[in-house]
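This briefing concerns the structure shown below. The points that follow its lead sentences are grouped by topic.

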Amino acid sequence: MFDTIFYSFNHLTTLFQQSPTFFYIMVGLISLAIGSFLNVVIYRTPKMMEYTWYHECREFLADEIDSVKTKKISPVTLSKPDSTCPNCDHKIRYYENIPVLSWLFLKGKCSQCANKISARYPLIEMSTMLLSLIVAQHFGATLTTFWVLLLTWSLIALTMIDFDHMLLPDQITLPLLWLGLLLNINGTFVPLSDAVVGAAVGYMSLFSVFWLFKLLTGKEGMGFGDFKLFAVFGAWLGWQLLPLLILMASVVGAMVGITLMLFKNHQKEQGIPFGPYLAIAGWITLLWGEGLWSRYLQIIL
C-alpha cells in the first residue's frame with residue numbers, strides 16, 4: 001500500500017515538475033476550496049470551544065447550575081449543522097457556496113432575504129489562494145510545499161480567530177508543533193536538535209516575559225496561545241531565526257496598536273491580539289528568513 005502511495009506521489013510530482021503551469025493551476029483551485037473551508041473553521045471553531053466549555057462547567061458546577069436558569073448552547077461541528085444565512089436561516093445550496101464566484105454572482109447578498117454577505121469570505125478565499133501560490137512558487141513541486149501549505153492554511157485560520165475572539169485554539173497550534181518536530185527528524189527545515197531547542201525556547205521566552213510583565217504590572221500581557229504559536233515556529237524553523245521573528249512581530253504589533261489608539265479610540269486597557277503578528281512574521285521568516293536575518297546583521301554590525 002505504502003509503495004503504491006509513494007509511487008503515485010512521485011509520478012504526480014514528476015508531472016507537476018514537467019508542467020509548472022498545471023501545478024500552479026491545481027494549487028490555485030485547491031487553495032480556493034480550502035479557503036472556503038477555512039471560513040467554516042474560523043466561524044465554528046470558537047463555537048465548538050464554547051460548547052465544550054459550557055458542558056465542562058455544567059459537569060463541574062452541576063448543583064449550582066441546576067438551581068439557576070441558564071441558556072442552552074446547541075452542539076456545533078465543522079460539518080453540522082448545515083450553513084445557513086444568519087438573518088433568515090436560508091440553507092446555503094452547493095451552487096451558492098462556490099469560492100468567490102458565488103459571492104460575485106449573488107452580488108454579496110443572500111438569495112432569499114437579500115441580507116448582505118460580508119466581503120470577508122471571498123477575501124479569505126482569495127488570500128488563501130494568493131499565499132498558497134507564493135508557497136508553491138517558492139518551494140516548487142515538492143513534498144515540502146505540501147507541508148508549508150498546511151502550515152499556511154492553519155495560520156490563516158489562527159490569525160482570523162485571534163482577531164475575532166483573541167483565541168489561539170490548541171486544536172490547531174499543538175498539531176502544528178508536533179508536525180514541525182516530526183518533519184525535522186530528517187532535517188526538512190533544520191536539524192532536529194535545533195527544532196527541539198527552538199520549540200522550548202519559543203515557549204519559554206514568551207512564558208518568561210508573560211510572568212515578568214505580570215509581576216511588574218499585575219496584568220497579563222499576552223495569552224498562553226501566543227507561547228504555543230511561538231513554539232510552533234521554533235519547532236519548524238529552529239531557534240536561530242526566532243529573534244528575527246519576534247522582532248518583526250513586535251514592531252508590526254506596536255505600530256498597529258499605536259495606530260488604533262490614535263485613530264480609532266482604542267482604549268489602552270483593551271487587549272490587542274498578538275497571534276496574528278506572530279503568524280505573519282513566522283510565515284515571512286519561513287520563506288525569506290535567512291536572507292532577512294543576514295541583511296539585518298549586516299546593518300547592525
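Is Met166 buried, partly exposed or exposed? With a relative accessibility of 46%, Met166 counts as partly exposed, because the partly exposed class lies between the limits of 20% and 50%. The model is a predicted one. Its protein chain comes to 11 helices and zero strands, and 36% of the 301 residues count as buried.

**Overall architecture**

- From the N terminus on, the order of elements in the protein chain is α-α-α-α-α-α-α-α-α-α-α.
- Among contacts in the protein chain with a separation of 6 or more, 67% are made by residues 24 or more positions apart.
- The protein chain exposes about 18,400 Å², and 67% of this area is supplied by carbon and sulfur atoms.

**Loop residues with positive phi**

- Most residues other than glycine have a negative phi.
- Met166, by contrast, has a positive phi, near 55°.
- Met166 is placed in the loop between H6 and helix H7 (170-183).
- Ala114 also has a positive phi, near 65°, and is a residue other than glycine.
- The location of Ala114 is the loop between helix H4 (101-105) and helix H5 (120-139).
- Ala114 counts as partly exposed because its relative accessibility is 46%.

**Aromatic pair between helices H6 and H11**

- The structure holds 16 aromatic pairs.
- In the pair of Phe163 and Tyr277, the ring centres are 6.4 Å apart and the planes stand at 90°, so the arrangement is edge-to-face; the cut-off for that class is over 60 degrees.
- This pair links distant parts of the chain, since Phe163 belongs to helix H6 (residues 143-165) and Tyr277 to helix H11 (residues 275-300), 114 residues apart.
- The two partners fall into separate accessibility classes: Phe163 is partly exposed at 42% relative accessibility, whereas Tyr277 is buried at 6%.

**Aromatic pair within helix H9**

- The ring centres of Phe224 and Phe227 lie 4.9 Å apart with their planes at 50°, so this pair is tilted.
- Phe224 and Phe227 are three residues apart in helix H9 (residues 224-237), and therefore about one helical turn separates them.
- Phe224 has a relative accessible area of 38% and is partly exposed, while Phe227, at 0% relative accessibility, is buried.
- Phe224 and Phe227 also belong to a cluster that ring pairs form together with Tyr203, Phe207, Phe210 and Trp211.

**Nonpolar surface patch**

- Leu247, Val251, Met255, Tyr296, Ile299 and Ile300 make a nonpolar surface patch of about 560 Å².
- Helix H10 (242-263) and H11 are the elements that give two or more residues to the nonpolar patch.
- One of the patch residues, Tyr296, is found in helix H11.
- Tyr296 has a relative accessibility of 31% and so counts as partly exposed; residues need over 30% relative accessible area to enter a patch.

Terms used
Residues numbered from 1 in each chain as written. Predicted model: local features only at pLDDT ≥ 70, side-chain atom pairs only at ≥ 80, totals over all residues. Heavy atoms only, no water. Phe/Tyr/Trp six-rings, centres within 6.5 Å; stacked < 30°, edge-to-face > 60°. Helix = DSSP H or I, 4+ residues; strand = E, 2+ residues; numbered from the N terminus. Buried < 20%, exposed > 50% of the residue type's maximum accessible area, 1.4 Å probe, protein only. Patch = residues over 30% accessible without salt bridge, like charges linked within 9 Å, V, L, I, M, F, W, Y side chains within 5 Å. Areas by Shrake-Rupley, 256 points an atom, 1.4 Å probe, with all protein chains shown as cover. Salt bridge = Lys/Arg side-chain N within 4 Å of Asp/Glu carboxyl O. Contact = heavy atoms within 4.5 Å.
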